[in-house]
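Let's take a walk through this structure together, starting in the middle and working outwards. Have the sequence and the 3D view ready.

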Amino acid sequence: MISDKEIAKQMLERDALNLYRQLPQLSSQLGINITPFLGLFEDKILKYIDSGLDMVVDSLFGIEDTSDIDEASDIAKMMINDKIEEYRQRVREAKSKIKE
């Protein structure tokens, strides 16, 4: 049976590849043609995507395959809440400096 970690990785890989395939269309909307260059760097870009996804999935699920999607979801929520609180604190500090 396939683990939650592997399912999540496959879903993220699919989304990342879909985004990569949309790059020429997205860049053309900005008036830039990157199509000739994508072929030159495709292997390197896909390797970066793969290693980045490995890092994200490992940080969410851990190195071992024993954790499940609910645990990973809780970890992700805690990480996001910590970041949000960090930015809120920065905004409070910036506002207090402006008032001084």
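A nonpolar core, as the term is used here, is a set of buried Ala, Val, Leu, Ile, Met, Phe, Trp, Tyr and Cys residues joined through side-chain atoms within 4.5 Å. Buried means under 20% relative accessible area, exposed means over 50%, and partly exposed is in between, with a 1.4 Å probe and protein chains only. Before we go on, keep in mind that this is a predicted model, where local features need pLDDT of at least 70, side-chain atom pairs count only at pLDDT 80 or more, and totals for chains, interfaces and linings use all residues. Residues are numbered from 1 along each chain as its sequence is written, and side-chain values use heavy atoms, with hydrogens and water left out.

So which residues make up the largest nonpolar core? There are five of them: Ala-8, Val-57, Leu-60, Phe-61 and Ala-72. Helix H2, which covers residues 35-61, gives the most to this core, with three residues. (Helices here are DSSP runs of H or I with at least four residues, strands are runs of E with at least two, and both are numbered from the N terminus.) In soluble globular proteins, nonpolar side chains tend to be buried together.

Now zoom in on Leu-60. Leaving aside residues up to four places away in sequence, Leu-60 touches Ala-72, Ile-75, Ala-76 and Met-79; contact means heavy atoms within 4.5 Å.

Let's stay with H2 for a while. Its buried residues are Leu-38, Leu-53, Val-57, Leu-60 and Phe-61. What covers them includes H1 and helix H3 (69-99). H2 also has a kink of about 65°, centred on Phe-41; the bend at a residue is the angle between axes fitted to the seven residues ending there and the seven starting there. After H2 comes Gly-62, whose phi is positive, near 90°.

Two other H2 residues are good landmarks. Glu-42 sits in H2 and counts as partly exposed because its relative accessibility is 33%. Glu-42 and Tyr-20 are 22 residues apart in sequence, and their C-alpha atoms are 9.3 Å apart in space. Val-56 is found in H2 as well, and with a relative accessible area of 36% it is partly exposed. The C-alpha atoms of Val-56 and Leu-12 are separated by 9.6 Å, although these residues are 44 apart along the chain.

Next, the charges. A salt bridge is a side-chain nitrogen of Lys or Arg within 4 Å of a carboxyl oxygen of Asp or Glu, and by this rule the count comes to eight. In one of them, the side chains of Asp-50 and Lys-9 meet at 3.9 Å, N to O. Asp-50 lies in helix H2 and Lys-9 in helix H1, so the pair ties together parts that are 41 residues apart in sequence. Is each partner buried or exposed, or somewhere in between? Lys-9 is buried, at 16%, whereas Asp-50 is partly exposed, with a relative accessible area of 34%.

This pair has company: Lys-9, Glu-13, Asp-50 and Asp-54 are linked in a network of salt bridges. Lys-9 touches Asp-50, Asp-54 and Val-57, again not counting residues up to four places away in sequence. Val-57 is one of the core residues we met earlier.

Elsewhere, Arg-14 forms a salt bridge with Asp-15, the closest N and O atoms being 3.4 Å apart. Arg-14 is partly exposed, with a relative accessible area of 49%, and Asp-15 is partly exposed at 43%. Another salt bridge joins Glu-85 and Arg-92, with the closest N and O atoms 3.3 Å apart. Glu-85 is partly exposed at 38%, and Arg-92 is partly exposed at 44%.

Back to helix H1, residues 4-29, where you will find Ser-27. Ser-27 counts as buried because its relative accessibility is 9%. Not counting residues up to four places away in sequence, Ser-27 touches Ile-32 and Ile-34.

Our last stop is on the surface. Ile-2, Ile-7 and Met-11 make a nonpolar surface patch of about 250 Å². Patches are made of residues with over 30% relative accessible area and no salt bridge, with like charges joined within 9 Å and nonpolar side chains (Val, Leu, Ile, Met, Phe, Trp, Tyr) within 5 Å; accessible areas come from the Shrake-Rupley method with a 1.4 Å probe, and for residues only the protein chains shown count as cover. Ile-7 has its place in H1 and is partly exposed, with a relative accessible area of 34%.
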